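Q: Please take a close look at one pair of packed helices in this structure and explain how the two are arranged.

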Amino acid sequence: MRLKARAVASVLTNVWFAVAVAVVLLVAGSAFFSSTVDTPYQWVGAALNGLAVGVSGVYVGTTARHPRRRDTRP
């Protein structure tokens, strides 16, 4: 079980995975924003797009600054 947790942690702290998640969030947020233009819910699309941009930036920034361990202890 501990090995699985380490594998998940290593994937979630990978910078390239974080960038891929950020791109997916940006595309999804932009698609939702563009689908709500000229509707009464345009403000919801703008708010969710801003939220997606903020969350993706925080995730990539946190992952990029995450300290890397160089030891090989189990």
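A: The following account describes one helix pair. The model is predicted, so local features need pLDDT of at least 70 and side-chain atom pairs count only at pLDDT 80 or more, while totals for chains, interfaces and linings use all residues. Residues are numbered from 1 along each chain as its sequence is written, and side-chain values use heavy atoms, with hydrogens and water left out.

Helix 2 covers residues 15-35 and helix 3 covers residues 42-65; helices are DSSP runs (H or I, at least four residues) numbered from the N terminus. Helix 2, with 21 residues, reaches 30 Å from its first C-alpha to its last, close to the 30 Å expected at 1.5 Å a residue; the expected span is 1.5 Å times one less than the number of residues.

The two helices pack at an angle of about 175°, with their axes 8 Å apart. Axes are lines fitted to C-alpha atoms over the stretch in contact, and angles run from 0 to 180 degrees between N-to-C directions. Helix 2 and helix 3 are therefore roughly antiparallel to each other, a term for angles over 145 degrees.

In helix 2, Ala18, Ala22 and Gly29 are buried (under 20% relative accessible area, 1.4 Å probe, protein chains only). Seen down the axis of helix 2, these buried residues fall within an arc of 40°, so they line one face of the helix; the arc is that of the directions from the helix axis to the C-beta atoms. The buried residues of helix 2 pack against helix 3, where contact means heavy atoms within 4.5 Å. On the other side of helix 2, Trp16, Val24 and Val27 are exposed (over 50%). Buried residues of helix 3 include Gly45 and Ala52.

How values were computed. Angles under 35 degrees count as roughly parallel, over 145 as roughly antiparallel, 65 to 115 as roughly perpendicular and the rest as oblique.
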